Amino acid sequence: MSTQRSFFQKSTLRTLTRKTSSLHTKTLLSSAPNPNSSYGIPPLQTLETSTTLNPSSVEDPNQSTSLSDSFLTEKVLLNLKQGKLNSLRNLLFRLDSVVVVDVLYKCRENLQLGQRFIDSITSNCPNFKHSLQSFSAMIHILVRSRRLPDAQAVILRMVRKSGVSRVEIVESLVLTYGNCGSNPLVFDLLVRTYVQARKLREGCEAFRVLKSKGLCVSINACNSLLGGLVKVGWVDLAWEIYQEVVGSGVQVNVYTLNIMINALCKNQKIENTKSFLSDMEEKGVFPDVVTYNTLINGYCRQGLLEEAFELMDSMSGKGLKPCVFTYNAIINGLCKKGKYLRAKGVLDEMLKIGMSPDTATYNILLVECCRNDNMMDAERIFDEMPSQGVVPDLVSFSALIGLLSKNGCLDQALKYFRDMKNAGLAPDNVIYTILIGGFCRNRVMSEALKVRDEMLEQGCILDVVTYNTILNGLCKEKMLSEADELFTEMTERGVFPDFYTFTTLINGYCKDGNMNKAVTLFEMMIQRNLKPDVVTYNTLIDGFCKGGEMEKVNELWNDMISRRIYPNHISYGILINGYCNMGCVSEAFRLWDEMVEKGFEATIITCNTIVKGYCRAGNAVKADEFLSNMLLKGIVPDGITYNTLINGFIKEENMDRAFALVNKMENSGLLPDVITYNVILNGFSRQGRMQEAELILLKMIERGLNPDRSTYTSLINGHVTQNNLKEAFRVHDEMLQRGFVPDDKF
């Protein structure tokens, strides 16, 4: 015990705590062997520290009490020894932090008493106002008693004490160290606690304060700090701490090596790993399987697959064997590079050498199959898992269910969903949302809502992603009243609508023509500080354009620019289309010129809009000239371009130009479709040229194109106009036989 006392010179705590200004103490740490060296922690180094304590961090013990503090201490100890817990409980409410420290100092030779005292305070006085010293004394006793989780809980309370610096915490632990007969594991635990509490910067500061006082922190604690820093991506700071660890003389180990190799890989500095490995080998630290796995994974992440294979092949020369993690890294790297077949070959190689793949191995391949929309291979890989003794997990099922749902194979998706539940796996939010998304995508909203109901029954909480998925499905089906109810439910359940929620609803109401509701949602979105983007504005502008409200369109356009959200080629296309629909071709061309000036290339969609605008304005000749300009600029017209222009000439009863365009269309490699033939047939029918119309019908059928409802309606209207009711009814009967229902508007 004399050795333990020599760690610190005795100081009177009463004198320390009653000072009202800064307190200066000198503490001499002995280099004598630590009696608690069984913990495997290096002894404290000889250090004389000059400590200035902040008086605000020390509890003032000057309180009016009927008993002196020393008498109170002895009475507490007596009750502890005699096990008089009720009497002790009554005394606890009269204690201050100074008495707590005195009691714990006197329990240094009897750890059971110390633990009993700490437990009594913790359970009976949860709001006790501790000082740093009382916290520290408790920590020392708990560490000596090997109650490390309880010690960590107290450290957490101490580090969260407001207005307390890392320096004060370390000094408090140092101050109480000797009187509690403690050991350096306390300082390791301090650093580890900072790491586990994700207070990494504070952990670095505490490490540096300890180092400045000559206090050794074990390599295990150092590794914990380094690992924490690398995990969150603070690689530069990790290297700073690493250099300080090495500089302090602490012997690094293979865990340190692996952490810092991971840091280099994470920072994409894999080229520096060779020199680092050489440096570590000089320190007597050699790479192990984890080192190689980390390097191989690093090479794969950077797409350096051949280097990864070379490294794996070199392992046997070092007396190391690749493990399943090694192969998984290679398989994952190959899949990321789109080399699925080679990745599958690596799996076959694993099986050939007798290495058992795990669930992660198959999941990597499953996810790649899903990415490539390869349903056949995905199901085959999934079915192979049980035969290799591998049990599919939630990731396996969710990948396959997602792929099947995406491709409309909902019955199969439900089958695997049931299999998953039968296997004892509880579906989570992700899988339910995937299934709901599949039903929504395939427009089966009733089933999507049933899955939603099951999700709630199973106690799963719908998050914003699930709500957005259902809302999108409802809006696409124009079930807007249901969407509105779901939106209300969402807010009532405390789920905050995000950007996608509002954009989805705004789009739904715009498509439905309910612009008032769309604008209300837009304003609500802005009130919630959710910034709209160009897509949101494009949706609203398109809605108002379709309604012909060009004044509102211009207001939105100006508002968008004032918010520094700049229009894109889609924005211009929508606005040009709006003006063309209104017959304002000159304004459409002004916007066209502005779009080109801003560097946006004209697309076929925008060009078709201009062609449509000219034709609607009754100027098909100008539209034909525009088509020639398109060809000169390298913009290849499509079927919509020709059909629009053909329709324009037919409306002007210029059938010769219309037929010339059909020939031009065919010469460019575009075959006339049912719309092309319907446009020409309708033109002849309107002119009463029914023989030509019938010839067009025959030519259409010869080309393998089936007449549609529009074809028959044009013919019926043409015959009725010519008072040829017999032919009109013949066509009407043929139309019914083919399963088309006429609208009887003839």
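Is the crossing of α4 and α6 left-handed or right-handed? In this predicted model, the crossing of α4 and α6 is right-handed.

## The α4 and α6 pair

Let's stay with that pair for a moment. Two packed helices are described by the angle between their axes and by the distance between those axes. Helix α4 covers residues 85–92 and helix α6 covers residues 111–124; their axes come within 10 Å and cross at roughly 65 degrees. On the α4 side the contact is made by L88, R89 and L92, and on the α6 side by F117, S120, I121 and N124. Sorted by class, this contact has four nonpolar, two polar and one charged residues.

N124 deserves a second look, as one of the α6 residues in that contact. Leaving out residues up to four places away in sequence, N124 touches R89, L92 and F93. R89 and L92 belong to the α4 side of the helix contact. N124 counts as partly exposed because its relative accessible area is 25%. Its C-alpha sits 9.7 Å from the C-alpha of N90, with their positions 34 residues apart in sequence.

## The largest pocket

Rolling a probe the size of a water molecule over the atoms shows where empty space is left. Here the largest pocket holds about 320 Å³ of space. It is lined by 14 residues, and the closest to its centre are K274, L277, L295, Y299 and L311. Which elements give two or more residues to this lining? They are α15 (273–282), α16 (289–301) and α17 (305–314). Of the elements, α15 gives the most, with five residues. By class, the lining has six nonpolar, three polar and five charged residues. If you want to look at the pocket in your viewer, K274, L277, L295, Y299 and L311 are the residues closest to its centre.

## Buried or exposed along the chain

Now for some individual residues, set side by side.

| Residue | Where it is | Relative accessible area |
|---|---|---|
| I141 | helix α7 (residues 132–144) | 0%, buried |
| T504 | helix α28 (residues 499–511) | 15%, buried |
| N514 | loop between α28 and α29 (515–527) | 31%, partly exposed |
| K415 | helix α23 (residues 410–422) | 39%, partly exposed |
| E653 | loop between α36 (639–651) and α37 (655–667) | 58%, exposed |
| N723 | loop between α40 (709–721) and α41 (725–737) | 68%, exposed |

What does I141 touch, leaving aside its neighbours within four places in sequence? I141 is in contact with L104, L111, G114, Q115, I118 and C180. Why is I141 called buried? Its relative accessible area is 0%, and buried means under 20%. Among these contacts of I141 are L111, G114, Q115 and I118, and helix α6 is the stretch of residues 111–124.

T504 is buried too, because its relative accessible area of 15% is under 20%. With residues up to four places away in sequence left out, T504 touches L471, N472 and C475.

## Two positive phi values

E653 and N723 are worth a check if you care about backbone torsions. Phi of E653 is near 60 degrees, which is a positive value in a residue other than glycine. N723 also has a positive phi, about 60 degrees, although it is not a glycine. Where are they? E653 is in the loop between α36 and α37, and N723 is in the loop between α40 and α41. E653 is exposed, at a relative accessible area of 58%, and N723 is exposed as well, at 68%.

## Some distances across the model

A few C-alpha separations help with orientation. K415 and L697 are 282 residues apart in sequence and 48 Å apart in space. I141 and D428 are 287 residues apart along the chain, and their C-alpha atoms are separated by 44 Å. For N514 and F309, the sequence separation is 205 residues and the C-alpha atoms are separated by 60 Å. F309 falls within the residue range of α17 (305–314), one of the elements that give two or more residues to the pocket lining.

Key: Residues numbered from 1 in each chain as written. Predicted model: local features only at pLDDT ≥ 70, side-chain atom pairs only at ≥ 80, totals over all residues. Heavy atoms only, no water. 1 Å grid on protein atoms, 1.4 Å probe; cavity = no way out; pocket = protein on both sides within 12 Å on 5 of 7 lines; lining within 4 Å. Points joined across faces, edges and corners; volume = space filled by probe spheres on them. Helix = DSSP H or I, 4+ residues; strand = E, 2+ residues; numbered from the N terminus. Nonpolar A, V, L, I, M, F, W, Y, C, P; charged D, E, K, R; others polar. Axes fitted to C-alpha atoms, helices over the stretch in contact; angles between N-to-C directions. Left-handed = near helix turned anticlockwise from the far one by under 90°. Contact = heavy atoms within 4.5 Å. Buried < 20%, exposed > 50% of the residue type's maximum accessible area, 1.4 Å probe, protein only.
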